[in-house]
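Biologist: Please take me through one binding site closely, contact by contact, and then set it beside the other parts that you can describe. I would rather have a careful, connected account than a quick list.

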Amino acid sequence: MSGPNVLEVRGLSARIAGQEVVHDVSFEVPAAGVTAVLGRNGVGKTSTLRAVLGLVERSGEVLLDGVRVDGERTDRIVRRGVGYVPEDREVFAGLTVAENLRLAHRAGPGGTTAEHRALVDALFPDLATRAAQRAGTLSGGQQQMVSLARALLNDNRILLVDEPTKGLAPRIVGEVAEALAAAARTVPILLVEQNLQVVERLADRVVVIDAGRVVHTGPARDLLDDADLLQRLLGVHAETEAAR
Amino acid sequence: MNRTRTLLGALGTLVLLACLPLLALPVPGVLPGYTYEPGSLQLLALCWLTAALALSYHLLFGLAGLMSFGHALYFAAGTYGLAIVLDRTDVPLLPAAALVLVGGIALAFVVGAVSLRVTGISFAMVTLAFAQAGNVLVRRDQGDLTGGEEGLALATAGVPDALVGVVNTRNLYWLALAVLVLVYLVVLWIERSRAGHMAAAVRENEVRVRIIGGRPYLTKLVVFVLAASLATVVGMAYLLLQSGASPATSTADFTLTLLVMVVLGGVGSRWGAVVGAVLYTVLDQRLAELAHSDAVAGLPAVLRIPLSEPMFLLGTCFILVVIFLPGGLAGAAERLAARRRPVPEGAAA
Amino acid sequence: MAAGGEPVLEVTGLGLTIGGARILSGIDLTVGRGELVGVIGPNGAGKTTLFNLVSGIYRPTSGRVLLAGRDVTAASVAVRARAGLGRTFQTSSLFPRLSVAENVRLATQRRRGGSLSVLSFPRRGDAASAEATEHLATVGLTHRADAAAGDLSHGDKRKLEIAVLLAMDSSVVLLDEPMAGVATGDVAGLVEVIRAINASGRTVLMVEHHMDVVLGLADRVAVLHHGELLTCDVPEKVMADETVQSAYLGTTAGTTAGSAA
Amino acid sequence: ACAPTAATTGGSDDDGAAPVDVGIVYSESGPLAAYGAAYKEGFEAGLDHATGGTGTVAGHEITVTYHDDAGDPEKAVSQAKDLIGKGYQILAGTVVSGVALPLAEQAEQNKVLYVSGPAAVDTLTGINRYTFRSGRQSLQDVAAAGTFVDPQGAKVVVFAQDNAFGQGNLAAVEGVLGEQGAEVSSVLVPEDATEFTPFAKKVLDAQADMVFVAWAGATTGAMWQGLDQQGVLDETTVVTGLGDVATYGAYGDAAEKVSFLNHYFPGAAGTETETVMLDAVEAAGGTPDLFTPDGFVAAQMIVHAIEEGAGDVEAMVDALEGYTFEGPKGETTVRASDHALVQPMYQARLVEDGDTWAPELVEVIDGESVAPAEVTG
Amino acid sequence: MSTLILLLATGLGLGGLYFLVASGLSLIYGLMGVLNFAHGSFLTLGAFVGLAAGNLVGAGTWGGLLLGLVVGALTGAAAATATELGLIRPLYDRHIEQVLVTVGLSLATVALFEGIWGPNPRNVTRPGWLASTTDVLGARVPNTAFLNVLAGAVVLGGIVAFLRYTRYGLIIRAGVENRAMVTALGIDVRRAFTLVFAVGGAAAGLGGVLATQSLNYVSPHMGASLLIFAFIVTVIGGMGSLTGAAVASVVVAVLQQLANFYLNNTGDLIVVLLLALVLLVRPSGLLGRPA
Ligand SMILES: Nc1ncnc2c1ncn2[C@@H]1O[C@H](COP(=O)(O)OP(=O)(O)OP(=O)(O)O)[C@@H](O)[C@H]1O
Ligand SMILES: Nc1ncnc2c1ncn2[C@@H]1O[C@H](COP(=O)(O)OP(=O)(O)OP(=O)(O)O)[C@@H](O)[C@H]1O
Ligand SMILES: CC(C)C[C@H](N)C(=O)O
Ligand SMILES: [Mg+2]
Ligand SMILES: [Mg+2]
C-alpha cells in the first residue's frame with residue numbers, strides 16, 4: 001500500500017453556476033476507516049464530494065494515493081478506484097435494476113469481483129427479485145439500495161458516500177450501517193451523513209463544514225461527546241440529542 | 001425611476017420607427033435605399049410582421065415551453081383565410097378579418113385540444129403532422145380555393161385603396177408596425193398576467209402545478225390558442241403587405257424558421273424574439289446581395305461556393321450563435337450589461 | 001379517534017395492481033379532522049403509493065377515496081387539490097427555474113382564484129405575495145427568497161415544499177418523508193412547523209422513517225407491510241407490535257423505539 | 001433629412017433621351033437557377049440584338065438591373081416594390097409561375113409594365129392590362145401534343161402530378177383536345193410520391209391512344225422508368241414536353257420511345273434570329289437552352305415598348321398589343337386581346353449521341369394552329 | 001389482383017427505403033433524444049460521394065455499387081463523427097440546442113451541396129438488373145423493391161446486434177438521463193456518444209446510396225425530402241425501438257400506396273392522420289417504451 005492517506009484534498013474550491021460554494025477546503029482521508037463530513041443544509045458537503053470527482057468546476061489539489069488527479073476527467077478518476085454513492089440516489093430511472101448494476105460493472109484491476117457481487121447479493125436480496133423492474137418505479141429506499149450496490153460492486157480504493165441512509169427504514173438503516181462498517185474494513189470511506197447514530201456507529205474522524213469552509217476536524221468521539229460543540233457546529237440542541 | 005426610463009426609451013424608439021417613412025435616412029447594407037423608399041419600407045414592414053409572428057411563437061415556446069413544429073398553420077390560416085374570404089365573397093375587409101380570426105381560433109382550439117394530449121417531442125410531431133396536412137391541402141388546391149403552389153393573389157376589390165399599391169407602402173408599413181406593437185403588448189400582458197405565471201409554472205413542472213390545484217392542460221390550451229390567434233392576425237396583415245398568399249408560409253420549414261429566430265434572439269426573451277426576427281429577415285433578404293457581390297465572385301472556389309449561398313451563411317451564423325451565445329443575443333446583451341454593473345451583494349452562504 | 005372530530009379522509013378497500021404485481025391491497029383507513037397520523041413501514045411497503053392514490057397521481061384498481069365525505073376516487077389531482085388536499089413529494093418536486101418566492105406565490109395565487117385569468121396581474125406586495133413572504137419566514141427560507149428553486153441545496157428544497165403546503169392552506173396534508181435530508185440541527189425546528197400546521201386544525205398524514213419524529217408528533221401510527229395495512233393504532237401499541245419490531249425497526253439498528261421528546 | 005412628399009418620381013419628363021430603367025427579377029439562385037441563367041443569357045443577347053449593340057433605343061439608354069428572387073415570391077414582391085418605388089416602369093422575368101402571378105398583381109396595382117418570363121401558367125394570359133409574357137404557356141404545350149394523334153375519338157390519358165401544374169395541364173388537355181373530340185381521362189399522382197409503379201400500371205390498363213405526361217421535379221427519371229418497366233411506352237404513343245438539356249438523361253433507355261412536344265431546343269428553329277441568339281449567347285460564354293428564347297424575346301418586346309412609348313406605361317402597353325416581330329423561334333405575335341404570345345412549337349425526338357442524348361427536330365408546328373383560345377373579359 | 005400485388009410489393013419496397021433512411025435517425029433519436037435534422041444531409045453527402053466512388057469502378061456495375069455503398073457508409077460516418085465532435089458535444093447538457101444545431105446544419109449543408117453540385121437532380125446509372133422487373137403472379141415488380149427490403153433487413157439486424165452485443169446502447173440511454181452519473185461510474189460516455197452518432201451516420205450514408213437506386217436520381221434535396229417520412233416512421237414506431245421503426249416503415253408505406261391508389265391520392269393525409277392517431281392512443285409509439 002502507498003502512503004498513509006488514500007485521499008488528500010488541498011485548497012479545494014468549487015464553483016456552481018459561476019458562484020463559489022466551497023472555499024479553500026483541505027482535509028485528508030486515511031487509508032483505513034470512515035471519515036465523516038458533517039454540516040448543516042447547503043453548506044457545501046455534497047459540492048465538496050463532487051469537486052473531488054471533478055463533477056463540478058473546481059480548483060485546488062486532489063491527490064489519490066499520492067497522485068494528483070485534479071486535472072483528470074471524472075471517468076478516469078473513478079477508474080482509479082473511486083466508488084460514488086450520490087446524494088439523490090441518481091439511479092437511471094429508465095433502465096432496469098439489472099441494467100443499472102450492469103452499467104456499474106468495471107473490468108480489470110479494481111473492478112468487479114465475484115466476492116463483491118456476492119456481498120451485494122447478500123446485502124440487498126430485494127434487488128435480485130426486482131432485476132427486471134425499471135429503477136424509476138422502485139420505492140425510494142429500493143433506489144437507495146441500487147445506488148449503494150453500484151458502488152459496492154467494485155474493488156475500489158475509496159468510497160465517497162453521500163447521505164446513504166436518507167429515506168431508509170430504521171431496520172435498513174441499521175443494515176446499511178453494518179454494510180458500510182463491513183466495507184470499511186477493506187476500503188476507506190468518506191461519508192456525508194446527517195444521522196448522528198450512524199455517524200457514531202461508523203465514523204472514526206469528522207470534518208465539519210460550514211459556509212463552504214472546514215471549521216473543525218478531529219476524532220469523531222471528540223465531537224459527539226461535546227454537546228457544546230455539537231450545538232455550535234451543527235445546531236443540534238440538547239433535546240434532540242436526548243431523542244437518541 | 002428605472003421603469004419610467006425604459007418606458008420613455010421604448011416610446012422614443014417607437015416614435016422614431018413610426019417616423020421612418022417621413023425621413024430620408026440611408027442604412028447602407030441593410031436597406032436597399034433611403035428609409036422613405038417603398039423598397040426599404042417593404043423590408044422593414046416585413047421585419048415587423050416577422051417579429052410579431054416570432055413573438056407569438058415566443059409565447060408558445062419561451063413562456064409555456066411548448067415546442068410546436070406547426071405554428072405556421074395559424075399564420076397560413078390568416079393569410080389564406082383572408083385571401084379566400086376576400087376572393088370568394090363581398091364581405092369588406094374588417095368583418096372578413098374578424099371572421100377569419102374566429103376561424104383561426106376555432107382551428108387552434110381543435111388542433112390544440114388534440115395535440116396537447118401529448119408532450120415533448122411527440123407534441124412537436126403531432127403539431128407538425130397537422131401543419132403538414134394543412135400544407136398538403138393548400139398545395140393540392142382542392143376546389144380551386146388556394147391556388148396550389150402558385151399561391152393566391154389578394155383580391156383588392158374589398159381592400160381600402162390606401163392599402164393597395166407601391167405608393168401606399170408607407171401605410172402598409174404603419175399597419176405592420178401597429179401589428180407588432182399590438183402583438184408585443186398582448187404578449188407582455190399575457191406574460192405578466194396570472195395565466196402567464198401559471199404557464200411558466202407548467203413549463204417548469206406539470207405535476208407540481210396539478211398538486212397545487214392548477215390545470216396544466218387548460219393553461220397550455222389557453223396559451224396555445226392565444227399564440228395561434230396572434231399568428232392568424234399577423235398572417236392577415238402579411239397578406240395585405242404581400243398582396244398574396246404563398247404555400248411556403250404553411251410549411252414546417254417556416255415554423256423551423258420561427259424557432260431559429262426565437263433562438264437567435266434568446267429563448268424566453270421578448271426582445272430577443274423581436275431582434276432575432278428582424279435580424280433573420282434582414283439577413284435572409286439581404287445576404288443574397290452579398291452572395292452575388294463582386295467581392296465574392298473574385299474568390300477562389302473553396303471560398304466562393306459557400307459564400308455565394310445565402311442559406312449557408314445563415315445556417316452557419318445560427319450554429320455559431322447556438323454554440324457560442326447561449327441565451328442568444330438577449331443572453332449576450334445581459335451578460336455584457338452584467339459585466340458593466342457592479343456585482344450585486346449577497347452571494348449565497 | 002384521538003384528536004379527530006368527524007372523519008375527513010376515508011379510504012376503503014383501496015388497492016393497486018400494476019402488471020399483475022399487487023402493490024397495495026385492501027387498505028381501510030379513516031382519519032378524523034385535526035388528526036396527525038404517522039405512516040411507517042419498510043422500504044417498498046407502499047407508503048408513497050398510498051399517497052399517490054389518495055392525491056390522485058395514480059388511479060386505484062379497487063376501492064374508494066372519500067375526502068370530507070365526497071367521493072373523489074375518479075377526480076383529478078387538481079380537483080382534489082382544490083378540494084383541500086395538499087402533499088409533498090419524497091424527492092423534491094418544484095419549479096426549478098422560478099424563484100423560491102414565486103414557487104410559494106403561485107400556490108397562494110391559485111388558492112385565491114383566477115389563476116388562469118389574463119386580466120389580472122400579480123405584483124410584488126399584493127396580498128398573495130405578502131402571504132408567500134410570511135410562509136417563507138415560517139420555514140426559515142427568507143434569505144433565499146430570490147434564488148432559483150433549482151439552486152437550493154437538498155435540505156432547503158424540503159423546507160420550500162413545506163412553505164408551498166402552507167400556502168395551499170389545505171385541510172388535509174400528506175407529507176412524504178419531510179425530514180429526509182434535513183440537517184439534524186434543523187429537525188427540531190421543522191417538527192415545530194409540522195406541529196403548528198396540525199395545531200391550526202389541519203389533518204396531517206406523514207410518512208417518515210425518523211421514528212423519534214413520528215413518535216413525537218403522531219396521534220396514531222399506521223403500519224404498511226407488503227402492500228397491506230398491518231395496524232393503525234396509538235404509537236405505544238404499534239411500537240410494541242412484534243411484526244413492527246422485526247420487519248421495520250430491526251434489532252441491530254441504533255435507532256430504537258424509545259421515549260420521544 | 002426629410003423624405004420627398006410624394007414617392008412618384010417617375011421620369012415622365014419629355015426630354016426624349018432620358019435613360020430607362022429595366023428591372024429583371026429572376027432565379028439567380030434556388031432550385032430553378034438553371035432556368036434563370038438561360039433566361040438571363042437570352043435577355044442579354046436579345047437586348048444586344050434589338051438595340052443593334054448600342055444598348056440604346058430612340059435615344060434612351062437602357063439600364064438593366066438584375067435581382068435574385070431565389071424562386072421565393074416573398075423576395076420577388078419585396079424587390080418589385082423596391083424597384084417600383086425607385087421609379088422603374090418596366091419589370092420582367094421570373095421563371096416560376098408562383099412568382100409570376102404576384103408580380104403580375106404588383107404590375108396591375110402600380111400600373112407598370114411587366115413582361116413575364118418562362119412561367120407557363122395559363123392564368124397569366126389575360127390577367128391584366130399590364131402583364132405580358134415572353135414564353136409559351138401550358139395550353140400551347142397541350143395543343144402541340146394534340147398534333148401527334150388525330151384527336152377525333154381518340155382516347156387520351158393525362159398522366160400528371162396532382163398539383164396545380166398537373167391539374168392545369170389536365171384542364172388544358174380537356175379544353176383543347178376534348179374540344180377536338182378526344183375522350184380525356186386522367187391518372188393523377190400525389191406530388192410528393194416517390195413510388196408510382198402502380199399508377200404506371202393504371203395507365204397501361206387504360207389502353208389509351210395517347211398518353212400525355214406532365215411532370216416536373218426530381219422524380220421525373222423514376223417516373224419514366226416506371227412507365228417503361230410496366231410496358232406503357234411499348235403499347236401507346238406517349239407524349240410529353242421536352243425540357244432543358246439537364247433533363248435529357250432522365251428518360252434513360254425510354255428516351256427513344258417517347259414523342260416530344262417542345263417549346264425550344266438549340267437549333268430547333270433554324271431562323272436567322274435564332275442564329276444571332278445562339279452566336280451571341282455562346283460568345284458570351286453561355287449555353288443556349290430551353291428558356292433562352294424567353295429572355296431574348298423579353299428584350300425584344302421591352303426595346304420595342306421603349307421605342308414607342310418610353311416614360312408612359314400606357315403607351316408602352318399599347319405598343320406591345322398586337323406587336324408582331326421576328327423572334328428566335330420565328331414569327332411571334334403578342335395577341336392584342338389577352339397578351340398571349342403566339343409562336344411556333346416543335347415536335348422532337350431524342351437520339352443517342354455518344355453516351356448522352358441529343359434532340360432532333362421532327363416537325364415545326366405553326367404558331368396559329370396551337371394558339372390558345374382567347375381569354376375574354 | 002395483379003394491381004394489388006403490385007401495390008403491396010412496391011409498398012413493401014418503399015417501406016424498406018423509409019426504414020433505410022429512418023434507421024440511423026431512429027438510433028440517434030431513440031438513444032440520445034436528439035432529433036437529428038441534419039440526418040438528411042448525411043444521407044445526401046453519402047449518396048454523392050458514394051456514387052462518385054462507384055463511378056470510378058464503373059457506373060451501373062455491381063462492383064461500382066458495392067464500392068459506392070462502402071464509401072457512402074464511411075462518408076456518412078465521418079460526417080456524423082465530425083458533427084458530434086464539433087457541434088453536439090459542446091452542447092451536451094443543452095438538449096434543445098443540440099436539435100437546433102442540427103437544424104442549422106441542415107440549412108447550411110443543403111445550401112452548400114447546391115453550391116457544389118448544383119440544385120438540379122442528376123440521374124444515376126444502375127446495374128441492369130436493378131432497372132428491370134421480376135414477374136410476381138402477373139405483376140411486374142421493380143427489382144429495387146427487393147433490394148430495399150433486403151438491405152433494410154440487413155441494416156436492422158446489424159444495428160440490433162450492435163446494441164445487443166455491446167454496452168453502448170445501455171451507456172447512451174443512461175447517459176442521456178444523467179450524463180454526470182455515468183461518468184461517475186467510470187465510463188467515458190463521450191466516446192460512446194460519438195460512436196453511436198457515427199453508426200447512425202453510416203446508416204444514413206448507406207441509405208443514401210441505396211435510395212439513389214430506387215429514386216433514380218441524386219440531388220442536394222433528396223435527403224431533406226425523405227427525412228419527413230423518416231421522422232414520422234421514427235415517431236410512430238416508438239422512441240428507441242428500431243424494430244418499431246421497421247414495422248412503422250412498412251405500415252406507413254403500404255398504407256400510403258393503398259390510399260394514394262384507391263382513395264384519391266390521400267396517402268400523405270392518411271399518414272399524418274395515422275401519426276396523430278397513434279400518438280393519441282399510444283403516446284410512446286407502436287413499440288416504444290412507455291415514457
Ligand atoms: N445546481 C446548483 N446551482 C446553483 N447553486 C447550487 C446548485 N446546487 C447547489 N448549489 C448551492 O451550493 C451550495 C452548497 O450546496 P451543497 O449541495 O453542496 O450543500 P450540502 O452541504 O450538501 O447541503 P444538504 O445537506 O442540504 O445536502 C448551496 O448554497 C446551494 O444552494
Ligand atoms: N410500475 C411498477 N412496477 C412494479 N413495481 C412497482 C411499480 N411501481 C412501484 N412498484 C413497487 O411498489 C412498491 C411500493 O413502492 P412505494 O414507493 O409506495 O414504497 P414506499 O413504502 O414509499 O417505500 P420507501 O420508504 O422506500 O419510499 C415498491 O416495491 C415498488 O418497487
Ligand atoms: C417546369 C417548367 C417547364 C414549368 C414552368 N417553368 C412553370 O413554372 O410553370
Ligand atoms: Mg448534500
Ligand atoms: Mg416512499
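**A close look at ligand 1**

Modeller: An oxygen atom of ligand 1 has a backbone N or O atom of C:Asp151 at a distance of 2.6 Å, and that contact is a convenient place to enter the site. This is a predicted model, and every distance that follows should be read with that in mind. On the chain A side, the side chain of A:Thr46 brings a polar atom to 2.6 Å from an oxygen atom of ligand 1, while A:Val43 takes part through its backbone, with a polar atom 3.2 Å from an oxygen atom of the ligand. On its own, ligand 1 would expose 640 Å², and the protein buries 86% of that.

The elements that supply two or more residues to the shell are helix 1 (45-53) of chain A and helix 5 (154-168) of chain C. Of these, helix 1 of chain A gives the most, with 3 residues. In total, 20 residues surround ligand 1, and the closest are A:Lys45, A:Thr46, A:Ser47, A:Glu87 and C:Asp151. The ligand lies between chains A, B and C, so it belongs to a place where three chains are involved. By residue class, the shell is made up of 5 nonpolar, 9 polar and 6 charged residues.

Two of the closest residues, A:Thr46 and A:Glu87, appear again at the magnesium ion, ligand 4. Its protein donors are OG1 of A:Thr46 and two OE entries from A:Glu87, at 1.9 to 2.7 Å from the ion. The two residues come from distant parts of the chain, for A:Thr46 is in helix 1 of chain A, whereas A:Glu87 is in the loop between strand 6 (82-85) and helix 3 (97-104), 41 residues apart. A:Glu87 counts as buried because its relative accessibility is 12%, and the cut-off for that word is under 20%. Both residues fall within residues 7-236 of chain A, the span to which an unreviewed UniProt entry gives the annotation "domain: ABC transporter". In the model that span is 37% helix and 27% strand, and its end C-alpha atoms lie 29 Å apart.

Ligand 2 makes a useful companion to this site. It is surrounded by 21 residues, the closest being A:Gly141, C:Lys47, C:Thr48, C:Thr49 and C:Gln90. Since the surrounding residues come from chains A and C, the site is shared between chains. From chain C, a polar side-chain atom of C:Thr48 lies 2.6 Å from an oxygen atom of ligand 2, and an N or O atom in the side chain of C:Asn43 is 2.8 Å from an oxygen atom of the ligand. From chain A, a polar backbone atom of A:Gly140 is 3.3 Å from an oxygen atom of ligand 2. Of the 650 Å² of accessible area that ligand 2 has on its own, the protein covers 89%. Helix 6 (140-152) of chain A and helix 1 (47-55) of chain C are the elements that give two or more residues to this shell, which divides into 5 nonpolar, 13 polar and 3 charged residues.

Ligand 3 sits among residues of chain D, namely D:Tyr35, D:Val95, D:Val96, D:Ser97, D:Pro118, D:Ala120, D:Arg136 and D:Phe291. These residues divide into 6 nonpolar, 1 polar and 1 charged. The side chain of D:Ser97 places an N or O atom 2.9 Å from an oxygen atom of ligand 3, and a polar backbone atom of D:Ala120 is 3.2 Å from an oxygen atom of the ligand. A nitrogen atom of ligand 3 is 3.3 Å from a polar backbone atom of D:Val95. Taken alone, ligand 3 exposes 290 Å², of which the protein buries 81%.

Chain B, one of the chains around ligand 1, has the UniProt feature "transmembrane region" (unreviewed entry) at several spans, including residues 92-114 and 217-241. Residues 92-114 are 96% helix and 0% strand, with end C-alpha atoms 33 Å apart; residues 217-241 are 100% helix and 0% strand, with end C-alpha atoms 36 Å apart. B:Leu241 lies in helix 9 (residues 216-242) of chain B, and at 1% relative accessibility it counts as buried.

Conventions:
Residues numbered from 1 in each chain as written. Chains lettered and ligands numbered in written order. Predicted model: local features only at pLDDT ≥ 70, side-chain atom pairs only at ≥ 80, totals over all residues. Heavy atoms only, no water. UniProt positions renumbered as here; feature names shortened; annotations may be inferred. Helix = DSSP H or I, 4+ residues; strand = E, 2+ residues; numbered from the N terminus. Near = heavy atom within 4 Å. Polar contact = N/O pair within 3.5 Å; in protein donor to acceptor, adjacent residues only side chain to side chain. Areas by Shrake-Rupley, 256 points an atom, 1.4 Å probe, with all protein chains shown as cover. Nonpolar A, V, L, I, M, F, W, Y, C, P; charged D, E, K, R; others polar. Donors = N, O, S within 2.8 Å, 3.2 Å for Na, K, Ca; no water. Buried < 20%, exposed > 50% of the residue type's maximum accessible area, 1.4 Å probe, protein only.
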